[in-house]
Amino acid sequence: MSNIPHAFQNGKAFIAFITCGDPDLETTAAAVLAAQENGADLIELGIPFSDPTAEGPVIQSANLRALNGGVTTDKIFAFVKELRKTVHIPLVFMTCANVVFSYGSQRFLQACADMGIDGLILPDLPFEEKEEFLPDCRKYGIDLISLIAPTSQERIAMIAREAEGFLYIVSSLGVTGTRKEIKTDLDSILNAVRQNTALPCAIGFGISTPEQARQMTAVSDGVIVGSAIIKLLAQYGKEAPSYIGAYVKSMKDAINCN
């Protein structure tokens with residue numbers, strides 16, 4: 001069993017997404033530590049790839065910066081193994097299915113287990129094809145985290161019943177990125193989910209402000225923020241971790257009000 005449940009044990013969870021290697025792995029380490037020190041409950045580490053599914057221009061650019069800087073899956077694995085000496089909160093990888101498949105899913109997941117990764121998110125993996133990776137995930141104790149989107153509709157119950165770790169609720173149609181407002185009927189989605197699982201639900205896509213975080217955690221167990229953090233990395237580069245720490249604190253303070 002992974003450590004993901006611990007992220008939801010102390011009230012509403014704040015989950016930060018950070019692309020590994022943007023602008024370099026040293027900055028990634030400092031950003032992760034700053035997020036942890038300021039209240040992040042779980043970190044999604046992005047393994048960059050050249051054709052990112054569901055990612056908007058902000059995270060696409062982060063992927064390209066990291067790849068152009070020479071980051072590789074093996075370098076990220078070595079980096080995370082070292083990172084685990086100081087990071088105690090749950091860590092999950094987010095990447096595309098082809099990164100895992102081309103590396104060798106069993107080899108990839110064994111490496112994840114060895115370095116203390118708790119879960120795996122593959123946004124381009126259809127629910128109906130998850131058996132491609134699920135047996136190896138279970139063999140090595142890695143939760144294969146499912147996404148539920150506004151278009152999931154009649155599939156929500158099925159996805160929820162078979163979910164592991166936590167459920168990633170996609171707030172809006174389209175790709176990742178900050179949004180001024182979120183208009184999706186999340187109440188009905190979350191009601192359907194909760195009729196079928198006791199797993200925690202965290203909402204992602206489009207959340208960037210403390211007020212949005214407060215609104216989303218009024219109906220869910222946590223929020224996931226990526227693009228707003230990546231924008232700080234793009235703006236401040238190696239100096240970004242201190243800004244990320246302050247941002248995470250502002251978001252965590254907001255959701256603690258619920």
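In the predicted model, the second largest pocket is lined by N3, H6, A7, N10, A40, D41, H88, I89 and P90. The volume of this pocket is about 160 Å³. Sorted by class, the lining comprises four nonpolar, four polar and one charged residues; D41 is among the residues that contribute to it.

The strands of the model are arranged in an open sheet of nine members, with parallel pairing and the order β5-β4-β3-β2-β1-β9-β8-β7-β6. The edges of the sheet are formed by β5 (143–145) and β6 (147–148), each of which pairs on one side only. At the β5 edge, strand β4 (residues 119–121) runs parallel to β5 and is joined to it by three bridges. One of the residues involved is G119, whose bridge partner in β5 is D143.

Two helices are found to lie across strands of this sheet. Helix α8 (residues 186–194) lies across β6, β7 (167–170) and β8 (201–204), and its direction makes an angle of about 155 degrees with β7. Helix α10 (residues 227–236) lies across β1 (13–19) and β9 (222–225), running at about 45 degrees to β1. In the strand order, β1 is followed by β9, and β8 by β7 and β6.

A contact between helices is formed by α9 (residues 210–217) and α11 (residues 240–255), whose axes come within 8 Å and cross at roughly 40 degrees. The crossing of α9 past α11 is right-handed. On the α9 side, the contact involves P210, A213, R214 and T217, which meet S250, M251, A254 and I255 of α11. The composition of this contact by class is five nonpolar, two polar and one charged residues.

Two features of the backbone geometry were also identified. Most residues other than glycine have a negative phi, and most peptide bonds are trans. Against this background, the peptide bond from D22 to P23 is cis, with omega near 0 degrees. P23 is located in the loop that connects β1 with α1 (25–37); strand β1 is also one of the strands across which α10 lies. The second feature concerns F205, which is not a glycine but adopts a positive phi of about 80 degrees. F205 is situated in the loop between β8 and α9. Of the elements flanking this loop, β8 is among the strands crossed by α8, whereas α9 takes part in the contact with α11.

Note on methods:
Residues numbered from 1 in each chain as written. Predicted model: local features only at pLDDT ≥ 70, side-chain atom pairs only at ≥ 80, totals over all residues. Heavy atoms only, no water. Axes fitted to C-alpha atoms, helices over the stretch in contact; angles between N-to-C directions. Helix = DSSP H or I, 4+ residues; strand = E, 2+ residues; numbered from the N terminus. Left-handed = near helix turned anticlockwise from the far one by under 90°. Contact = heavy atoms within 4.5 Å. Nonpolar A, V, L, I, M, F, W, Y, C, P; charged D, E, K, R; others polar. Pairing = 2+ DSSP bridges. 1 Å grid on protein atoms, 1.4 Å probe; cavity = no way out; pocket = protein on both sides within 12 Å on 5 of 7 lines; lining within 4 Å. Points joined across faces, edges and corners; volume = space filled by probe spheres on them.
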